[in-house]
Amino acid sequence: MPSFDIVSKLDMQEVENAMFNATKEINQRYDFKGSNTNLSRNENVLVIETEDELKAKQVNELLIGHFVKRSIDPKALEIKSTEPASGNRIRQSYELLEGIEQDTSKKIITAVKQSKLKVQVKIQGNELRVSGAKRDNLQEVISIAKKLDLPLPLQYINFRD
């Protein structure tokens, strides 16, 4: 019976590479000369520390550009908080989204059930396993999931016949 998995995973090495390239570009740009702008990552939290809101927004746009160049979906970057830091600076925290949450899984499952396709969708931790008798039905499930326009990037892996 054909099956595949719907997951939301990030390649952390590519995230590190995107951060490194963004830091390199920040150090070279004229509008950031003399500013003390830092990018750091701790597990699934990315922190930008800079002088003002404008620079924080520019760093965010730079980071998203480098994410796209590294083929990381920018939906994986969600702002958590903006807070003042020491020395009249701003600290923005971003969460790197990984795994499919329970309510998002249920949205996908209800959309698949409403389509009346003959497939089974099972929640396995933070991913979904879709299995069915026909390969065409599984491809239809992928298109249904893409049409939902969820706030996190999805990947479709482990396709087995």
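**A quick tour: one sheet, two helices and a few unusual turns**

Start with helix H3, residues 102-114, which lies across three strands: E1, E6 and E7 (127-132). The direction of H3 makes an angle of about 175° with E6. Another helix, H4 (residues 135-147), packs on the sheet as well, touching E1, E6, E7 and E8. H4 runs at about 170° to E8. Keep in mind that this is a predicted model.

**The sheet**

- The sheet is an open one with 4 strands, and reading across it you get the order E6-E7-E1-E8, with antiparallel pairing.
- At the edges sit strand E6 (119-124) and strand E8 (155-160), each of which pairs on one side only.
- Going from one strand to the next, the twist averages 20°.
- Strand E1, covering residues 3-7, pairs with E8 in the antiparallel sense over 4 bridges.
- If you want a spot to look at in that pairing, take Ile6: its bridge partner in E8 is Tyr156.

**A closer look at H3**

- The length of H3 checks out: at 1.5 Å a residue, its 13 residues should span 18 Å, and the end C-alpha atoms are 18 Å apart, which agrees.
- The buried residues in H3 are Thr104, Ser105, Ile108, Ile109, Ala111 and Val112.
- Looking down the axis of H3, you'd see its buried residues fall within an arc of 160°, so they line one face of the helix.
- The cover over the buried residues of H3 includes E1, E6, E7 and H4.
- Turn to the face of H3 that points away from the buried side, and you'll find the exposed residues Lys113 and Gln114.
- After H3 comes Lys116, which has a positive phi, near 60°.

**Positive phi in the loops**

- Glu43 isn't a glycine, yet its phi is positive, at about 55°.
- You'll find Glu43 in the loop between strand E2 (38-42) and strand E3 (45-50).
- Glu43 has 63% relative accessibility, so it counts as exposed, the cut-off being over 50%.
- Asp149 is a residue other than glycine with a positive phi, in its case near 50°.
- Look for Asp149 in the loop between H4 and E8.
- With a relative accessibility of 59%, Asp149 counts as exposed.

Notes. Residues numbered from 1 in each chain as written. Predicted model: local features only at pLDDT ≥ 70, side-chain atom pairs only at ≥ 80, totals over all residues. Heavy atoms only, no water. Pairing = 2+ DSSP bridges. Helix = DSSP H or I, 4+ residues; strand = E, 2+ residues; numbered from the N terminus. Axes fitted to C-alpha atoms, helices over the stretch in contact; angles between N-to-C directions. Contact = heavy atoms within 4.5 Å. Buried < 20%, exposed > 50% of the residue type's maximum accessible area, 1.4 Å probe, protein only. Expected span 1.5 Å × (residues − 1). Arc of directions from axis to C-beta.
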